[in-house]
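Hi everyone, thanks for coming. Have a look at the screen while I bring up today's protein, and I'll walk you through it strand by strand.

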Amino acid sequence: MEIAKSHIVRSDAGRDKGKLFVVLAAEGEYLLLADGKSRKVENPKRKKRRHVLFVSAEETRLSEKIKSNEKITNSELRRTLAGYREEVQPDQEG
């Protein structure tokens with residue numbers, strides 16, 4: 001699946017490997033990523049497409065705001081990604 005604006009991805013390379021991000025923009029082979037904590041909306045991470053893995057393209061209020069170029073907040077990003085962290089990485093005991 002082609003990664004596009006508002007999709008949720010997981011970093012597969014670099015020091016941020018394993019972290020979840022929201023795609024704020026797609027520029028050729030590069031994506032602008034933010035997670036609302038280490039990478040804020042004001043200063044997104046620029047990363048090559050081949051260094052991320054697709055996680056979800058679910059339509060949410062946040063994805064609608066990103067697609068329509070409305071202003072989004074870092075807290076909205078953190079709240080959205082928290083739900084995916086719980087789904088993808090359940091608590092491991094042992």
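Here's a warm-up: which residue in β2 does I8 stand opposite? Take a moment to find it. The partner is V22. Before going on, please keep in mind that this is a predicted model.

Now, the overall layout. The protein chain has five strands and two helices, and along the sequence they come in the order β-β-β-β-β-α-α. A compact globule of 94 residues would have a radius of gyration near 12 Å, and the protein chain has 13 Å, so the two agree. Along the principal axes, the C-alpha atoms fill a box of roughly 45 × 25 × 25 Å.

Let's return to β1, residues 8-11, and see who pairs with that strand. With β2, residues 20-27, β1 pairs in the antiparallel sense over three bridges. You have already met I8 and V22; R10, in turn, stands opposite L20. β1 also runs antiparallel to β5, residues 52-56, and four bridges join them. There, V9 has F54 as its bridge partner.

What about the side chains of β1? In a regular strand, side chains alternate between the two faces of the sheet. In β1, I8 and R10 point one way, while V9 and S11 point the other way. Buried or exposed, would you say, for these four? All are buried, R10 and S11 included.

Moving along to the next pair of strands, β2 and β3 run antiparallel, with five bridges joining them. V22 turns up again here, standing opposite A34 in β3. So V22 has I8 across from it in β1 and A34 across from it in β3. β2 and β3 form a hairpin with two residues between them. If you zoom in on that turn, you will find G28, which has a positive phi of about 65°.

While we are in β3, residues 30-34, let me point out L32. Why does L32 count as buried? The limit is under 20% relative accessible area, and L32 comes in at 19%, so that residue falls on the buried side. Leaving out residues up to four places away in sequence, L32 touches V22, V23, L24, A25, E27, P44, K45 and R46. One more thing to look for: L32 and K5 are 27 residues apart along the chain, and their C-alpha atoms are separated by 8.9 Å.

Now over to the helices. T80 sits in helix α2, which covers residues 74-88. T80 also has 19% relative accessibility, and therefore counts as buried. Which residues does T80 contact, once neighbours within four places in sequence are set aside? They are I8 and L62. That brings us back to I8, which we met in β1.

Let me finish with some numbers for the whole chain. Buried residues make up 35% of the 94. Of the contacts between residues at least 6 apart in sequence, 49% join residues at least 24 apart. The accessible surface comes to about 6000 Å², and 45% of that belongs to carbon and sulfur atoms. As for charges, there are 21 positive and 16 negative, and their mean positions are 7 Å apart.

That's my tour, thanks for listening!

Technical notes: Residues numbered from 1 in each chain as written. Predicted model: local features only at pLDDT ≥ 70, side-chain atom pairs only at ≥ 80, totals over all residues. Heavy atoms only, no water. Buried < 20%, exposed > 50% of the residue type's maximum accessible area, 1.4 Å probe, protein only. Contact = heavy atoms within 4.5 Å. Pairing = 2+ DSSP bridges. Rg over C-alpha atoms; globule rule 2.2 N^0.38 Å. Areas by Shrake-Rupley, 256 points an atom, 1.4 Å probe, with all protein chains shown as cover. Lys, Arg positive; Asp, Glu negative; His and termini not counted. Charge placed at Lys NZ, Arg CZ, Asp CG, Glu CD.
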